[in-house]
Amino acid sequence: MSTCTHRSSVHRVKPRTLGCEECLEIGQGWVHLRLCRECGHVGCCDDSVGHHATKHFQETGHPIIEGYDPPEGWGWCFVDETIVELPDQTPHPGPIPKFY
């Protein structure tokens, strides 16, 4: 397993929405949620139609997400393509809107 070199970008963040920001705007469903640990953007996973968490990384360069549906306690670094141990888990202010 490779090592993540971007742990300094992990911050305590406040989720900006209860579900995927972009999916909520367009009325699209998602499978799982991912939370950007740099800015609090909530996006959908790559199993979802929108791939909004990955698109957020591609647009912003924010490298680390947290599994967030419900809070799952794991992190992922897009740049290093490895699991990241997070210092804490972000609580979800719920309830999580469900589409699938």
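## A five-stranded sheet and its helix

Right after helix 2 comes Gly61, which has a positive phi near 80°. That glycine is a handy place to start a walk through this predicted model, since the helix before it touches much of what follows.

**Helix 2 and its neighbours**

Helix 2 covers residues 52-60. Its buried residues are His52, Ala53, Thr54, His56 and Phe57. The buried residues of this helix pack against helix 1 (21-26), strand 1 and strand 2. Helix 2 lies across strand 1 (33-36) and strand 2, and runs at about 120° to strand 2.

Phe57 also takes part in an aromatic pair, and the structure holds 1 such pair. The ring centres of Phe57 and Phe78 are 4.8 Å apart and the planes are at 10°, so the two rings count as stacked. Phe57 belongs to helix 2, while Phe78 sits in the loop between strand 4 (71-77) and strand 5 (82-84), so the pair ties together parts that are 21 residues apart in sequence. Both Phe57 and Phe78 are buried.

**The sheet**

In what order do the strands of the open sheet lie? The 5 strands follow the order 2-1-3-4-5, with antiparallel pairing. At the edges are strand 2 (42-44) and strand 5, each of which pairs on one side only. On average, neighbouring strands of this sheet are turned by 35° against each other, direction ignored. As a reminder, strands of a sheet pair through backbone hydrogen bonds, either parallel or antiparallel.

Here are the pairings, going across the sheet from strand 2:

| Strand pair | Sense | Bridges |
|---|---|---|
| Strand 1 and strand 2 | antiparallel | 3 bridges |
| Strand 1 and strand 3 | antiparallel | 3 bridges |
| Strand 3 and strand 4 | antiparallel | 4 bridges |
| Strand 4 and strand 5 | antiparallel | 3 bridges |

Some individual residues help to trace these pairings in the model. Leu35 has Val42 as its bridge partner in strand 2, and Leu35 also stands opposite Glu66 in strand 3. Ile65 stands opposite Trp76 in strand 4. Gly75, in turn, has Val84 as its bridge partner in strand 5.

Two hairpins are worth a look. Strand 1 and strand 2 form one with 5 residues between the strands, and there Gly40 takes a positive phi near 90°. Strand 3 and strand 4 form a hairpin with 2 residues between them.

Which residues of strand 1 are buried on each of its faces? Leu33 and Leu35 are buried on one side, and Arg34 and Cys36 on the other, so both faces are covered. Strand 3 (residues 64-68) is mostly covered, with 5 of its 5 residues buried. On one side of strand 3 these are Ile64, Glu66 and Tyr68, and on the other Ile65 and Gly67.

**The nonpolar cores**

In soluble globular proteins, nonpolar side chains tend to be buried together. In this model, the largest nonpolar core has 9 residues: Val13, Cys20, Cys23, Trp30, Leu33, Leu35, Val42, Cys44 and Tyr68. Strand 1 and strand 2 each supply at least two residues of this core. Apart from it lies another core of 6 residues, among them Cys4, Ile64, Val84 and Leu86. Strand 3 therefore has a residue in each core, with Tyr68 in the 9-residue one and Ile64 in the other.

**Two cysteines without a bond**

Cys20 and Cys23 are both members of the largest core. Why is Cys20 not bonded to Cys23? The sulfur of Cys20 is 3.5 Å from the closest cysteine sulfur, in Cys23, which is too far for a bond, because a disulfide needs the two sulfur atoms within 2.5 Å. Cys23 is likewise in no disulfide, with the sulfur of Cys20 as its nearest cysteine sulfur, 3.5 Å away. By this rule the count for the structure comes to 0 disulfides.

Are these two cysteines buried or exposed? Cys20 counts as buried because its relative accessibility is 0%, and Cys23 is buried too, with a relative accessible area of 0%. The cut-off for buried is under 20% relative accessible area.

Leaving aside neighbours within four places in sequence, Cys23 is in contact with Gln28, Gly29, Trp30, Cys44 and His52. Of these, Trp30 and Cys44 belong to the largest core along with Cys23, while His52 is one of the buried residues of helix 2. That brings the walk back to the helix where it began.

How values were computed:
Residues numbered from 1 in each chain as written. Predicted model: local features only at pLDDT ≥ 70, side-chain atom pairs only at ≥ 80, totals over all residues. Heavy atoms only, no water. Buried < 20%, exposed > 50% of the residue type's maximum accessible area, 1.4 Å probe, protein only. Phe/Tyr/Trp six-rings, centres within 6.5 Å; stacked < 30°, edge-to-face > 60°. Pairing = 2+ DSSP bridges. Axes fitted to C-alpha atoms, helices over the stretch in contact; angles between N-to-C directions. Contact = heavy atoms within 4.5 Å. Core = buried A, V, L, I, M, F, W, Y, C linked by side-chain atoms within 4.5 Å.
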